[in-house]
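User: I am new to this structure and would like to be walked through it with a few questions. Could we begin with how two of its helices pack?

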Amino acid sequence: MPEAHHLPNPLTVADIDQIDFAKGDGLVPAVVQDADTLQVLMLGYMNAEALKATLQGGLVTFWSRSKNRLWKKGETSGDTLELDRILTDCDEDALLVYARPNGPTCHTKTTSCFGHEDAPGIGFMGHLAHVVQDRAKAPPADSYTARLMHKGVAKIAQKVGEEGLETALAGRAGDLDELHNEAADLLYHLSVLLMARDTKLENVLDILRERHKG
């Protein structure tokens, strides 16, 4: 293997020979995170062939130690993992895989192999965006989100303004329960507005990151 140098950018097929597979007898651990919520979904193992198949095919593929062959996640269940990007650790002997799951990741039909809860902490905002998208597809009679989408962007923007004002008033004079509830309403309606404008919270976060760097 060539002299190691850390690869800070997402891996490409051309980078495969920089990964230290020899240390693990041909395999490296691959931690999978949800690309939107950052929830840890599972741990698998990849050899060079599995990594190449993942990068070229766009669906996360592992080397199955029990089957002794390549194993494309979801090949039987249909619960695939769509690749977003892959990073390597500082020693180039472990992988961090960002992916978007199509269905539950665990064979027990939970979102993650690590516990039964959805994305913790701020990661729930990514999960909320998926929930909003799903509910927007429901019949308006069955979903407030769908009814709101049916009314159009102007009405959604108006609701964001109303909830923003109510949150500000609760922050100034209300108790903490009231502030928390109004802030929750604001974040929900903001998620709907971003979806209605065909954009994502991640684009907002990108701006905050850039400002933080400055």
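User: Is the crossing of α2 and α5 right-handed or left-handed?
Analyst: This is a predicted model, and in it the axes of helix α2 (residues 124-136) and helix α5 (residues 176-196) come within 10 Å and cross at roughly 60 degrees. The hand of this crossing of α2 and α5 is right-handed.

User: Which residues of α5 make the contact with α2, and of what class are the residues in the contact?
Analyst: By class, the contact of α2 with α5 has eight nonpolar, two polar and no charged residues. On the side of α2 the contact is made by M125, L128, V132, Q133 and A136, and on the side of α5 by L187, Y188, S191, V192 and M195.

User: Which aromatic residue forms a pair with Y188, and how are the two rings arranged?
Analyst: The pair links distant parts of the chain, with one partner in helix α3 (residues 144-151) and Y188 in helix α5, 44 residues apart. The ring centres lie 6.1 Å apart with 35 degrees between the planes, and planes under 30 degrees apart would count as stacked and over 60 as edge-to-face. The pair is therefore tilted, and the partner of Y188 is Y144.

User: Which element gives the largest share of the lining of the largest pocket?
Analyst: About 780 Å³ of space lies in the largest pocket, and of the 26 residues that line this pocket, the closest to its centre are D36, G126, K200, L201 and E202. At least two lining residues each are supplied by β5 (81-88), β6 (95-101), α2, α5 and α6 (201-213). The largest share, six residues, comes from α2.

Technical notes: Residues numbered from 1 in each chain as written. Predicted model: local features only at pLDDT ≥ 70, side-chain atom pairs only at ≥ 80, totals over all residues. Heavy atoms only, no water. Axes fitted to C-alpha atoms, helices over the stretch in contact; angles between N-to-C directions. Helix = DSSP H or I, 4+ residues; strand = E, 2+ residues; numbered from the N terminus. Left-handed = near helix turned anticlockwise from the far one by under 90°. Contact = heavy atoms within 4.5 Å. Nonpolar A, V, L, I, M, F, W, Y, C, P; charged D, E, K, R; others polar. 1 Å grid on protein atoms, 1.4 Å probe; cavity = no way out; pocket = protein on both sides within 12 Å on 5 of 7 lines; lining within 4 Å. Points joined across faces, edges and corners; volume = space filled by probe spheres on them. Phe/Tyr/Trp six-rings, centres within 6.5 Å; stacked < 30°, edge-to-face > 60°.
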